[in-house]
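Let's walk through this model together, beginning with how far to trust it and then moving on to its helices.

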Amino acid sequence: MNRDLVTALQAAWGLPEFRDGVRHVVDLDEVALLLAALSVPDHDREVERSLLRLLRSSLDTTEIREAVLLLLERDAVRRPLLAAVVRPHADRPGQAAAVTAAAEDPKVRREVRAVLDDARVRELIWQAVENQVDADRVGLVRRAAVLFLRHPAVPRLAWALHRHGVLRELRRSAPSDGGAAA
């Protein structure tokens, strides 16, 4: 699992505003145990699957989805979370700047909300995530194509991310790879 995602989840979990928003809907101890297990470099793949199942069911719950979207809307919550995500990329300042610019753009946040508010889009996203975890590239490409062709919010979000250079920066290899495009 992406180490930055784990870092971001741990940062979000450390914010009282977020925990208070989801306290009545999820088992806080289960989440804490999963995050602790994920922070170990050689964790079991089943831990990742458990977290993905928890994330999936959480985003399908309106209250939790709204708490997650709160992370994007409130400066006091978004900025520390964003700092935790970009800090590991100090060697890639272009990527950190692009992600920061996109996260600070209200239009990008509106598009993220539009994507997450559509149950059909969430289902396809989770299928794509499962395809990626299973290393099923054909399934992943098929899900991505369906998302782009059938759900207008997805290309709008991709375009918003493109405007900030996020997609370009994600395609670049890390400096240790010689800087060639991935």
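Start with a stretch to handle with care: across residues 177-182 the pLDDT stays under 50, and the model gives this stretch 10 contacts beyond four places in sequence. Keep in mind that this is a predicted model. Over the protein chain, the mean pLDDT comes to 79, with 85% of the residues at 70 or more.

Now for some helix packing. Two packed helices are described by the angle between their axes and the distance between the axes. For helix 4 (residues 45-59) and helix 9 (residues 119-133), the angle is about 175° and the axes are 11 Å apart. Since angles over 145 degrees count as roughly antiparallel, that makes helix 4 roughly antiparallel to helix 9. Who meets whom here? Helix 4 brings Arg45, Arg49, Leu52, Leu55, Arg56 and Leu59, while helix 9 offers Arg122, Glu123, Trp126, Val129, Glu130 and Val133. Sorted by class, the contact has 6 nonpolar and 6 charged residues, with no polar ones.

Arg122 turns up again around Arg65, a residue of helix 5 (residues 62-73). Leaving aside residues up to four places away in sequence, Arg65 touches Arg122 along with Ser58, Leu59, Asp60, Leu116 and Asp117. Is Arg65 buried or exposed? Its relative accessible area is 7%, so Arg65 is buried.

Next up is helix 6 (residues 75-86), which passes a quick geometry check: at 1.5 Å a residue, its 12 residues should span 16 Å, and the end C-alpha atoms are indeed 16 Å apart. Buried residues in helix 6 include Val77, Arg78, Leu81, Leu82, Ala84 and Val86.

Definitions and conventions
Residues are numbered from 1 along each chain as its sequence is written. This is a predicted model: local features need pLDDT of at least 70, side-chain atom pairs count only at pLDDT 80 or more; totals for chains, interfaces and linings use all residues. Side-chain values use heavy atoms; hydrogens and water are left out. Helices (H or I, at least four residues) and strands (E, at least two) are DSSP runs, numbered from the N terminus. Buried means under 20% relative accessible area, exposed over 50%, partly exposed in between (1.4 Å probe, protein chains only). Contact means heavy atoms within 4.5 Å. The expected span of a helix is 1.5 Å times one less than its number of residues. pLDDT is the predictor's confidence in each residue, from 0 to 100. Axes are lines fitted to C-alpha atoms, for helices over the stretch in contact, and angles run from 0 to 180 degrees between N-to-C directions. Angles under 35 degrees count as roughly parallel, over 145 as roughly antiparallel, 65 to 115 as roughly perpendicular and the rest as oblique. Ala, Val, Leu, Ile, Met, Phe, Trp, Tyr, Cys and Pro count as nonpolar, Asp, Glu, Lys and Arg as charged, and the others, Gly among them, as polar.
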